[in-house]
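This report goes through selected features of one structure: a strand and its neighbours, an aromatic cluster, a cavity and two backbone angles. The sequence and the structure come before the details.

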Amino acid sequence: MKSAKPLAVCVFCSSSGRIDRRYVDLAAQVGTELAGRGHSLVSGGARVSCMGAVARAARAGGARTVGVIPEGLVSVEISDEDNDELIVTGDMRSRKGEMDRRSDAFLILPGGIGTLEELFEVWTARVLAMHDKPVVILDPTGVYDPLRELMEGLTEQGFTRHRIWDAIGWTTTVPEAFDLLERSQPRIEFSPGDYAETQL
């Protein structure tokens, strides 16, 4: 079922070849669902592991795919040349900026430190009201359970505010993940007073 408003969905996911096959299959399911709902894909531009799986499945379903990859990874020959558009950037920072600019929503699958870096950057910017794009974690097997517990502990201890949970969706199924991505997002208010951590 196609969404009323097509989105450019940025998927952050693993490029590791050492992970269990079920995560690659999950990425393929995401690509199929994305295409079925009429969305387009923005990804990290590699043809390996989950990155390649989500892009191939999206294209197989008729979706447009845009890959953004740093020059250093092109040189090791893992770029997905089948993307409808492949953008080569000078470094990782400019890669993330280009992916952000081209995306209407962010979907995070299980991944390593690169995926976590991407997650925290878009999550933090959402908390700070620097964008209002949906941010959703899809974690059917509990890979990110320790992360969620860590963030809950940081919230309880006052290191983060409760609004961080307004800035993100957390789900275990592919359809629900896209339902959340397509849903109108709560407006997060942020003021200079939020910077005052203590009252002197």
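A residue counts as buried when its relative accessible area is under 20%, as exposed when that area is over 50%, and as partly exposed in between. The model described here is predicted.

**Strand β3 and its neighbours**

Strand β3 covers residues 65-70, and 6 of its 6 residues are buried. In a regular strand, side chains alternate between the two faces of the sheet. In β3, T65, G67 and I69 point one way, while V66, V68 and P70 point the other way. Residues of both sets are buried, and the strand as a whole is mostly covered.

β3 pairs with two strands that are described here. With strand β2 (residues 40-43) the pairing is parallel and runs over 3 bridges; L41 has T65 of β3 as its bridge partner. With strand β4 (residues 85-89) the pairing is also parallel, over 5 bridges, and here V66 has E85 of β4 as its bridge partner. Helix α2 (residues 49-60) joins β2 and β3 in a β-α-β unit, which is right-handed.

**Two residues with positive phi**

Most residues other than glycine have a negative phi. S49 is not a glycine, yet its phi is positive, at about 50°. S49 lies in helix α2, the helix of the β-α-β unit with β2 and β3. With a relative accessibility of 15%, S49 counts as buried.

A129 is another non-glycine residue with a positive phi, in this case about 60°. A129 sits in the loop between α5 and β6 (135-138). Its relative accessible area is 39%, so A129 is partly exposed.

**Aromatic cluster**

The structure contains 5 aromatic pairs. The planes of F120 and W123 stand at 15° and their ring centres are 6.0 Å apart, so this pair is stacked. Both residues belong to helix α5 (residues 113-127), where they are 3 residues apart, about one turn of the helix. W165 and W170 form a tilted pair, with 6.2 Å from centre to centre and 40° between the planes. How are F120, W123, W165 and W170 grouped? These four residues form one aromatic cluster.

The table gives the accessibility of each cluster member.

| Residue | Relative accessible area | Class |
|---|---|---|
| F120 | 30% | partly exposed |
| W123 | 3% | buried |
| W165 | 24% | partly exposed |
| W170 | 16% | buried |

The stacked pair thus joins a partly exposed residue, F120, to a buried one, W123. In the tilted pair, W165 is partly exposed and W170 is buried.

**Cavity**

How many cavities of 30 Å³ or more does the structure hold? There is 1 cavity of that size. The largest cavity has a volume of about 30 Å³. Its lining is made up of V11, F12, C13, G44, M51, M99 and E118. By class, the lining residues divide into 5 nonpolar, 1 polar and 1 charged. Glycine is counted as polar and Glu as charged, so G44 is the polar residue of the lining and E118 the charged one.

Definitions and conventions
Residues are numbered from 1 along each chain as its sequence is written. This is a predicted model: local features need pLDDT of at least 70, side-chain atom pairs count only at pLDDT 80 or more; totals for chains, interfaces and linings use all residues. Side-chain values use heavy atoms; hydrogens and water are left out. Rings of Phe, Tyr and Trp (its six-membered ring) pair if their centres lie within 6.5 Å; planes under 30 degrees apart count as stacked, over 60 as edge-to-face and the rest as tilted. Helices (H or I, at least four residues) and strands (E, at least two) are DSSP runs, numbered from the N terminus. Buried means under 20% relative accessible area, exposed over 50%, partly exposed in between (1.4 Å probe, protein chains only). On a 1 Å grid over the protein atoms alone, a cavity is a set of points where a 1.4 Å probe fits but cannot get out, and a pocket is an open set with protein on both sides within 12 Å along at least five of seven lines; lining residues have an atom within 4 Å of a point. Grid points are joined across faces, edges and corners, and a volume is the space filled by probe spheres set on the points. Two strands pair if DSSP finds at least two bridges between them. A crossover is right-handed if, with the strands pointing away from the viewer, the path from the first strand over the helix to the second runs clockwise.
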